[in-house]
Each structure stands twice: as structure tokens, then as C-alpha cells.
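Dear colleague,

Please find below the structure that I am handing over to you. My findings follow it, grouped by topic.

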Amino acid sequence: MKKLFSILLLACSITMQAQEIKMMRGANDPVGTPQGIHPGRVAWTHAPGATTWPGEGSGNWYEDQWNNQELTDWLVSNALTTLTGCKNEAKAWDALFKSFNQKVHNQKKGYKKGQKIGIKVNMNNTYNYEESGEINASPHMVLALLRSLIQKAGVAQECITVFDASRYLTNGVYKKCHGEFPNVNYVDNVGEEGRTKSNYVADAVHYSKESARMRTGLTTACTEADYLINMALLKGHVGQGVTLCGKNWYGVVDINKDWRKNAHVNMNQDRHGNPRYITFVDYMGHKDIGGKTMLYLIDGLYGCKLVDGLPKPKWNMAPFNGNWPCSLLASQDPVAIDAVGLDFIASEFPDAPDLNYADAYMVEAAMADNAPSKTVYDPEGDGTTLKSLGVAEHWNNATEKKYKKIELVYKAK
């Protein structure tokens, strides 16, 4: 049913393939306030050969034979140092912790022993603990992040939680990571076979406008964390056009693991480009969700044109040139990183479904203090309204990839 739904929506978009993709903002027309040590910086690391999966009919994309762990570790390590400008991972993590604490607590302090870190991964295409073969979080990328946090940042295993409160943490991710780091907490929607079942704080999420049937319980993986890391995927999505860091937060509330049973209210952009309230902005600004996030990552080992199915197709744009992207994006700016991710997807797959105005939530988030929709964003419902969450901008073209306020810094292996 899910696949049929995707196919039908894709068919409806075919008539638009020859048209230029429409966005809320034009090229190099930034809005919002850049965030981070280097405001608006998005680090892009690229390691050709990190994955060499030939494609359908050649085993599974997540198997060790197709994924180079050493190169994947390199992607994470160099994303951190490129983002912060530090010489090594340990110093990069320290800089990120101090930057976060300066912004949130007005204290330039580093990580304190015993503080908890939650890593939100994207396991959207799961139906049980066996791998579906569809695109989900890469086991190798999750392991690379854990190695960096534990071995370089010095965070104890038991202080880290890898989670997707809305889905299954499949065997590919769990067994690879648990085999090396058995004391990390692994939390999902079911809580069987070594995983812990997510608990929720009732009515923790307030929606700034009426969102009938939208879930308001928030996983304790967020509420009990001192820091969060959002590890999203580089892929398209029916309805919203893309599923990046903003949409990855949908999996922190108490939704059903069967996507058909969940409401999807106020999540899509207006098809005519009229500004409107979008729930993602509330997630991005909530004190226990985006407000606790120290680092945003987009796993682009594969990338995917559609929300579900096998990773496909391979990417033609430079510097990928007919191969998998083998990339990782990293930023402290939740808007800038999604803007860059959207530019990649829209440039590579202009015929993907629902890309028109897919930047709407990014513009709303960038201008949250004076949103185009006139929404007063107050995700806790306590009268404290959001300020700009970051900078939204599109590059000049897919060849030069230049921005005005976003600083896209590329490093290749």
C-alpha cells in the first residue's frame, strides 16, 4: 500500500517534470539568522568508495562487503573538524559542546561526565526487526558516529541513546553497533530483542496552531537528554518533497509504528506557494527537541529519490558522476543543512514528487519571529515565541554551489 501510494503520487508529478521547480525563495536570496561557531556553515565531506553497492540484484546495500567502515569513519571525523575548524575530533567535539552550552545556558563549558546524549536516527522503512531492504539509517554511519563520540569525545557508552521512538531499530543497525558498544542504550517503538521500548511524556508538544489528531507525547529519549544529535537521511518524500532533519523529528512523538494509523496534519507545503503553518517548525524550536540539539547530520552515503524502496538511482551530478554520493553533511544550523540537502535533491532529481515549495518549512523556521504565514510559533505553549532558527537559502547553481549566507565547505578524501 505504501509503495502504491508513492507510485501514484510520482505519476501525478510526471506532468510537472518539464517545469522549473518552484521555491519560496530564489537563488542566493537568504533569510534568517545563521547559527553556529561559523554561522551558517555546512560541512560536506565526500569519500568516493565509502559504498560500492552495484544496485538491485547484488545483495543488500547495508552489507559489509559494499560498505567501507574506514572511509565512513573518515566522513564523520572530517565533517566534525571541517564544521568547527578544529585540528582533531576531540577538539571538535569540545568546541561543539562549548558552543551549544554558551548559546543555551550562557556558559562556555564542555561536556560534563554523566550527561546524556540522544541520537535520533531515521528508521522509517521498517516493519519488524529484519531489514526490509529499503533505505534507512546506515549501520556503518551510525557506528562511525558512536566511535567518534565514545573514543574521541570520551562519552561513556551508557550515557548515549540511539533511538527512533516511532519505528524498529533493525538488526542491521542494532547488531553492528551493539556488537562493538553493548552498553549504549538502543530505544525503539517496540522494545524487544535487546532494545528498550520508548516511554513518553504526555502532552509535552504544543502545536502553535490546531493540529487535530497530531500526537503530543514526547519520547523520554529527548526529555531526559542533555544533548541531541539529529542524524537524518538524504532522500525525497511524497507530500513534503524531502525528508531531512526537519521531518526526522516526527519520529520523536508517540505515533504508531504503522504509518497508516498516524495523522499527517499541517506537514505539507501549500501547493500554490502560499505561506502556511507547518508543524516541523514547532519540533525544530521545541526546548526538548531542536532546543537540545548540538549537531545536525544528513547521511548521504546513498541518498534516495523517493521516501521508500531500495536506494536508487545513483547520482549523476558532479562530483558524484554516476556513483553513490558517499557523503555526509554536518551543521549546527538546522535550517541551513536542510536547505543544502534540498538543493542536492532538487538538482539531481527534478522530477521527484512534490518538490515545489519544499523549502516552505525552512523559510518559516528561518523567519520564525516574523513568519510569512503570520503564525506565532510557541512550541511549549508558554508564551515564549521562537526567534529565527537559522538561515534559508538556495545555491546559485548545481555546478558552482555558491551561497551568500550559507557557507558550504567541501572536503574530499
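I begin with the salt bridges. Arg147 has a relative accessible area of 21% and is therefore partly exposed. Please bear in mind throughout that this is a predicted model. The side chain of Arg147 forms a salt bridge with that of Glu180, at an N to O distance of 2.9 Å. Because Arg147 belongs to helix α4 and Glu180 to helix α5, this pair ties together parts that are 33 residues apart in sequence. Glu180, for its part, is partly exposed at 31% relative accessibility. The pair is not isolated, since a network of salt bridges links Asp73, Arg147 and Glu180.

In total, the structure holds 12 salt bridges. Another of them joins the side chains of Arg215 and Asp254, with 3.1 Å from N to O. Arg215 sits in the loop between β7 (200-201) and β8 (218-219), and Asp254 in the loop between α7 and α8, so this pair ties together parts that are 39 residues apart in sequence. The relative accessible area of Arg215 is 41%, which makes Arg215 partly exposed. A further salt bridge is formed by Asp354 and Arg271, whose closest N and O atoms are 4.0 Å apart. Here too distant parts of the chain are linked: Asp354 is in the loop between α9 and α10, Arg271 is in the loop between α7 and α8, and 83 residues separate them. Arg271 counts as partly exposed, at 39% relative accessibility.

Two charged residues are buried and deserve a separate note. Lys247, in helix α7 (residues 245-248), is buried yet has no salt bridge. Its nearest side chain of opposite charge is that of Asp164, 9.7 Å away. What surrounds Lys247 instead? Beyond residues up to four places away in sequence, Lys247 touches His237, Gln240, Val242, Met267 and Phe280.

The second is Glu134, located in the loop between β3 (117-120) and α4 (139-152). With a relative accessibility of 5%, Glu134 counts as buried. Its side chain reaches the backbone nitrogen of Gly309 at 2.9 Å. From Glu134 to Asn397 the separation is 263 residues in sequence and 30 Å in space, C-alpha to C-alpha.

I turn next to the nonpolar interior. Nonpolar side chains tend to be buried together in soluble globular proteins. In this model the largest nonpolar core has 71 residues, of which Tyr283, Phe344 and Met362 touch the most other members. Elements that give two or more residues to this core include β2 (41-46), β9 (227-237), β11 (293-304) and α10 (360-366). The largest share, 9 residues, comes from α9. Apart from its neighbours within four places in sequence, Phe344 is in contact with Trp44, Trp315, Met317, Phe320, Leu329, Trp395 and Lys401. There is also a second, separate core of 59 residues, and Ala43, Leu145, Leu146 and Cys304 are among its members.

Strand β2 also holds a polar residue, Thr45. Thr45 is buried, at a relative accessible area of 0%. A polar atom of the Thr45 side chain lies 3.1 Å from the backbone oxygen of Leu75. Among the contacts of Thr45, leaving aside neighbours within four places in sequence, are Trp74, Leu75, Asn78, Ala79, Cys326 and Lys411.

Helix α5 (residues 171-180) supplies a further set of buried residues, namely Asn171, Gly172, Val173, Tyr174 and Cys177. What covers them? The cover includes α4 and β5 (185-188).

Finally, the cysteines. How many disulfides does a search of the whole structure find? The search finds 0. Cys177, for example, is in no disulfide, and the nearest cysteine sulfur, that of Cys159, is 17 Å away. A relative accessibility of 0% means that Cys177 counts as buried, while Cys86, at 22%, counts as partly exposed.

With kind regards

Methods:
Residues numbered from 1 in each chain as written. Predicted model: local features only at pLDDT ≥ 70, side-chain atom pairs only at ≥ 80, totals over all residues. Heavy atoms only, no water. Core = buried A, V, L, I, M, F, W, Y, C linked by side-chain atoms within 4.5 Å. Buried < 20%, exposed > 50% of the residue type's maximum accessible area, 1.4 Å probe, protein only. Helix = DSSP H or I, 4+ residues; strand = E, 2+ residues; numbered from the N terminus. Contact = heavy atoms within 4.5 Å. Disulfide = S-S within 2.5 Å. Polar contact = N/O pair within 3.5 Å; in protein donor to acceptor, adjacent residues only side chain to side chain. Lys, Arg positive; Asp, Glu negative; His and termini not counted.
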